[in-house]
Amino acid sequence: MIISGKEISTKIKDQLKEEVEQMKNKYDRLPKLAVILVGENQASQVYVRNKERGCSYVGMDSLKITHDATFSEEELLNEIKQLNEDDTVDGILVQLPLPDHINEDKVLEAIDPSKDVDGFHPENVAKLFLGQKSLVPCTPKGMMVLLDEINYDLTGKEVVVVGRSNIVGKPVSLLCLQKNATVTIAHSKTKDLKEVCQRADVLIAAVGRAKMINRDYVKEGAVVLDVGINRDENNKLCGDVDFEDVKDKVYAITPVPGGIGPMTITMLLHNTLEAFYHHQGE
Ligand SMILES: Nc1nc2c(c(=O)[nH]1)N[C@@H](CN(C=O)c1ccc(C(=O)N[C@@H](CCC(=O)O)C(=O)O)cc1)CN2
Ligand SMILES: [Mg+2]
């Protein structure tokens, strides 16, 4: 089975659109997302544009703020402070990566946790760790929704996450643990990575190396979720998984493009709506 994140995310966006439409009557304002982009990273420009498009698709307000790469850390912190104080703004997102002269941790900590629709603020990270209600990072949240969509029960399953980033590897591991999976976090220093991956009922690839995971890493009938966005030898978009090599060995797999990626933006819209309800006192 090929899991179309693209189709599932369209379905969810249509549901969100209806929800936004209905709340127009109930509240006197719309949910609003502010997206800040610093620098000229091409991929980031595409993602930010898609986030704006996502907002307009579901009928939310968005505010795109762009600065050239020389924008200072202090200026950025001031801007975030103003957005924190702006009652018309529900979500604040700073597109990553940031230019080298800006301390990413400092910036993420400056965002009001109730507006932190990326779920990267230490308070939200701690809540996720503790299993408390919080804004959950979009890519990991999207993966859990995809598993739900194929009615996959993680209870007692072996999940192997390859990659230990704060954005994907660590949070998705916690979410799988919450769903009663047995979770292994593997990474570049893991010994016998292939053997570790072979025991996975669910293999989550978030390493950032094109087509690194081939069929030798995959157990027959496994579910494979591919978070990678890389370019192959022909400059074609590809994941961390060698899709053609593994596709007939798996139970289900997400393609790249059209798998996890689109879910990331849809979950961002979902988080913005959650933040809006919270700000309305619900
Ligand atoms: N503040 C954040 N920065 C970054 C995040 C994030 O969640 N918050 N994640 C990534 C980039 N990202 C969203 O920001 C993102 C990446 C990829 C996609 C996506 O839809 N990918 C497509 C293919 C895209 C392409 O054509 O290049 C797909 O997989 O089908 C969406 C969002 C890092 N920064
Ligand atoms: Mg970084």
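This is a short tour of a predicted model, with a suggestion of what to select at each stop.

**Stop one: strand 4 and its partners**

Start by selecting residues 158–162, which make up strand 4. Is this strand mostly covered or mostly open? Mostly covered: 4 of the 5 residues in strand 4 are buried.

Now add residues 182–186, strand 5, to the selection. Strands 4 and 5 pair in the parallel sense, with 5 bridges between them. To find your bearings along this pairing, pick E158 and look across to strand 5, where T182 stands opposite. You can also follow the chain from one strand to the other: leaving strand 4, the chain passes through helix 7 (residues 169–178) before it reaches strand 5, and this β-α-β crossover is right-handed.

Strand 4 has another partner to show. Select residues 202–205, strand 6, which runs parallel to strand 4 and is joined to it by 4 bridges. Here the residue pair to click on is V162 and A205, with A205 in strand 6 as the bridge partner of V162.

**Stop two: the nonpolar core**

Keep strand 4 in view and highlight V159, together with L203, I204 and V224. These are the residues with the most contacts inside the largest nonpolar core, a set of 83 residues. Which helix should you show alongside it? Helix 10 gives the most to this core, supplying 9 residues. Try coloring domain 1 (27–112) and domain 2 (138–260) separately: both give residues to the core, so the core lies between them. As background, nonpolar side chains in soluble globular proteins tend to be buried together.

**Stop three: ligand 1**

Next, center the view on ligand 1. How many residues surround ligand 1? There are 19, and the closest are Y47, L96, P257, G261 and T264. By character, the shell divides into 13 nonpolar residues, 5 polar and 1 charged.

To see where the shell comes from, show helix 2 (42–58), strand 3 (91–94), helix 6 (138–149) and helix 10 (260–279), each of which supplies at least two of the shell residues. Helix 10 is the top contributor here, giving 4 residues to the shell. With the domain coloring still on, you can place the ligand: domain 1 and domain 2 both give residues to the shell, so ligand 1 lies between them.

**Stop four: two cis peptide bonds**

Stay with L96, one of the closest residues to ligand 1, and select P97 as well. The peptide bond joining L96 and P97 is cis, with omega about 5°. P97 is in the loop between strand 3 and helix 4 (104–110).

Then move to P257, also among the residues closest to ligand 1. A cis peptide bond joins V256 to P257, and its omega is about 0°. You will find P257 in the loop between strand 10 (252–253) and helix 10.

**Stop five: two asparagines with positive phi**

Finish with the backbone torsions of N151 and N235. N151 is not a glycine, yet its phi is positive, near 55°. N151 is in the loop between helix 6 and strand 4. Is N151 buried or exposed? N151 is exposed, because 6 other C-beta atoms lie within 10 Å.

N235 also has a positive phi without being a glycine, at about 65°. Look for N235 in the loop between strand 8 (230–231) and strand 9 (237–238). N235 counts as exposed too, with 7 C-beta neighbours inside 10 Å.

How values were computed
Residues are numbered from 1 along each chain as its sequence is written. Chains are lettered from A and ligands numbered from 1 in the order in which they are written. This is a predicted model: local features need pLDDT of at least 70, side-chain atom pairs count only at pLDDT 80 or more; totals for chains, interfaces and linings use all residues. A residue is buried if 20 or more other C-beta atoms lie within 10 Å of its own, exposed if 12 or fewer, and partly exposed in between; C-beta atoms are placed from the backbone. Two strands pair if DSSP finds at least two bridges between them. A crossover is right-handed if, with the strands pointing away from the viewer, the path from the first strand over the helix to the second runs clockwise. A residue is near a molecule or strand if its C-beta atom, placed from the backbone, lies within 6 Å of it. Ala, Val, Leu, Ile, Met, Phe, Trp, Tyr, Cys and Pro count as nonpolar, Asp, Glu, Lys and Arg as charged, and the others, Gly among them, as polar. Domain bounds come from an automatic or database domain assignment. A nonpolar core is a set of buried Ala, Val, Leu, Ile, Met, Phe, Trp, Tyr and Cys residues joined through C-beta atoms within 7 Å.
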